[in-house]
Amino acid sequence: MTGVRGRDVEALLNPTREFWQGRRVLVLGHTGFKGAWLSLWLHRLGADVAGLSLPPPTQPSLFALAGLAALIPTDIGDIRVLPTVRAAMARWRPEIVFHLAAQALVRWSYREPVETYATNVMGTVHVLEAARATQSVRGVVVVTSDKCYQNNEWPWAYRETEAMGGDDPYSSSKGCAELVAAAYRRSFFPAIATARAGNVIGGGDWAADRLLPDCVRALTTDQPIAIRNKSAVRPWQHVLEPLCGYVLLAERLAADNEFADAWNFGPADEDAKPVGWLASFVVREWGQQASWCEVPAEAVHEAGALKVDASRARAKLGWSPRLRLADALRWTIEWHRRLSAGEAALVLADEQLARYCAMGAA
C-alpha cells in the first residue's frame, strides 16, 4: 500500500464531503478509540471539528499516536459535570454533535457501577441538556450499544423496536441512555438519533478486556491469547463500518427529522462469530508460533449470544457493511503489525480510511 495523506485522502472520500465542508462539529469522547477514528474522518471531510473528552483512556492511544491534538481543538473535561458540557457547547457552537463519551467496558461496570451510570446515563442527560440550549445545533447522534437490548439469548438478531434492558450495569446503562434520548426527542427537540453498533475492531484499540486488543497485546509479547468464553457470539465489525453509519445518519438528520430515531449498525448475519473462531483466525493470520488458550472467567454475567438487525439502516440510510469479518481482522492485524514495525499511526489510519471510502465509491 502506498502512503496517502491530506488532500489525497479527501479525493477518495464519499460524496458527503460537500455536506461536511466547513460544518462545525463537536465530538464528545474524541480521545477514545471510536471517537479518534470519527474525528479524523470528519477532519478529512473538511469539517470544523472540536472535541470534549477526558484524557485518552489507554496508553498508548490512537489519539496520541496519530497526533490528533494538533488537528482537532480539544477541551479536556468530564461529561458528568453539566457546566463543563454547557461551556463546550457555547464555545464551539456546533451544528452537529456526536456523543461517544462513555464508560465502555462491561467488566469494569461490575467494579465501578456508580461511575458507569453517572457517565452513561447522566452524562447523556448533560449532553442533551446542553445541546437543546444551543441554538446552532441541528442534530445530535447519541452512540449507545447493541447491548442496550434486553438480551433473551435468542438466535435471531435484535431490531430497533425490541425492548431495552441489560443484566449488567454497562448494558442497562446503555438501555437507560436510549430511554433518555427518546424522552428528550419527544419532550424538547426532535433532532436526536441513537446508534447501536456491534463489537467493533480495528487498529488503534488498546482497551482492556476487549478481544482484539487482548490478542494484539499477547501476540506482540509472544504470549498465548487468553480467552474467557470461546462460545460467546458477537456481531463483529470493523470500526469504520458503524462510523460510516453515524456520519450518514447525522447528515440525514440535519435535513429531516424523519431520521430522528434509533438505528442499528451491524455486520452481515454470518459475520456474528464465536470468540473462539476469532481467536483461531487471528492465530492463523499472525503465524510465528501464535496460540490461544481458554482461561476461567470471572463469576459475572456476560451475554452468550447477541446479534443486531441492520436492515433498516440498509433500506433507509443506504448504509451497508463493506468489509467481511475476515478482511476486518486482516486490516486490524496489518495496522498493528506495521505500527510495531515503526510506521506512523496517522499514515496507517489515513490509508485505511482511504481504502474504505474507495470501496464505497466503487
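The following exercises, with worked solutions, concern the sheets, a helix pair, a pocket and two backbone features of a predicted model.

Residues are numbered from 1 along each chain as its sequence is written, and side-chain values use heavy atoms, with hydrogens and water left out. Because the model is predicted, local features need pLDDT of at least 70 and side-chain atom pairs count only at pLDDT 80 or more, while totals for chains, interfaces and linings use all residues.

**Exercise 1. Determine the strand order of the seven-stranded open sheet and state which helices pack on the sheet.**

Step 1. Helices (H or I, at least four residues) and strands (E, at least two) are DSSP runs numbered from the N terminus, and two strands pair if DSSP finds at least two bridges between them.

Step 2. The order is β3-β2-β1-β4-β5-β6-β10, with parallel pairing. β3 (74-76) and β10 (262-265) are the edge strands, each pairing on one side only. From one strand to the next, the twist averages 20°.

Step 3. Four bridges link β6 and β10 in the parallel sense, and Ala197 stands opposite Phe265 in β10.

Step 4. Contact means heavy atoms within 4.5 Å; angles run from 0 to 180 degrees between N-to-C directions, with axes fitted to C-alpha atoms, for helices over the stretch in contact. Helix α3 (residues 33-44) packs on the sheet and touches β1, β2, β4, β5 and β6, its direction making about 170° with that of β1. Helix α8 also packs on the sheet, where α8 touches β5, β6 and β10 and makes about 160° with the direction of β6.

**Exercise 2. Describe the three-stranded open sheet.**

Step 1. The strand order is β7-β9-β11, and the pairing is mixed. The edges are β7 (199-201) and β11 (272-274), each pairing on one side only.

Step 2. Neighbouring strands of this sheet are turned by 50° against each other on average, direction ignored.

Step 3. β9 (residues 233-238) and β11 run antiparallel and are joined by three bridges; Val233 stands opposite Pro274 in β11.

**Exercise 3. Characterise the packing of α9 against α11.**

Step 1. The axes of α9 (residues 211-219) and α11 (residues 275-286) come within 11 Å and cross at roughly 35°.

Step 2. In α9, Leu211, Leu212, Cys215 and Leu219 meet Val275, Leu278, Val282 and Trp286 of α11.

Step 3. By class, this contact has eight nonpolar, no polar and no charged residues (Ala, Val, Leu, Ile, Met, Phe, Trp, Tyr, Cys and Pro count as nonpolar, Asp, Glu, Lys and Arg as charged, and the others, Gly among them, as polar).

**Exercise 4. Analyse the lining of the second largest pocket by element and by class.**

Step 1. On a 1 Å grid over the protein atoms alone, a pocket is an open set of points where a 1.4 Å probe fits, with protein on both sides within 12 Å along at least five of seven lines; lining residues have an atom within 4 Å of a point.

Step 2. Of the 13 lining residues, the closest to the centre are Ala182, Arg185, Arg186, Arg196 and Ala262.

Step 3. The elements giving two or more residues are α8 (169-187) and β6 (192-197), and α8 gives the most, with five.

Step 4. The lining has four nonpolar, two polar and seven charged residues.

**Exercise 5. Locate the cis peptide bond and the positive phi of Arg93.**

Step 1. Most residues other than glycine have a negative phi, and most peptide bonds are trans.

Step 2. A cis bond joins Gln59 and Pro60, with omega about 5°; Pro60 lies in the loop between β2 and α4 (62-65).

Step 3. Arg93 has phi near 45° and is found in the loop between α5 (82-92) and β4.
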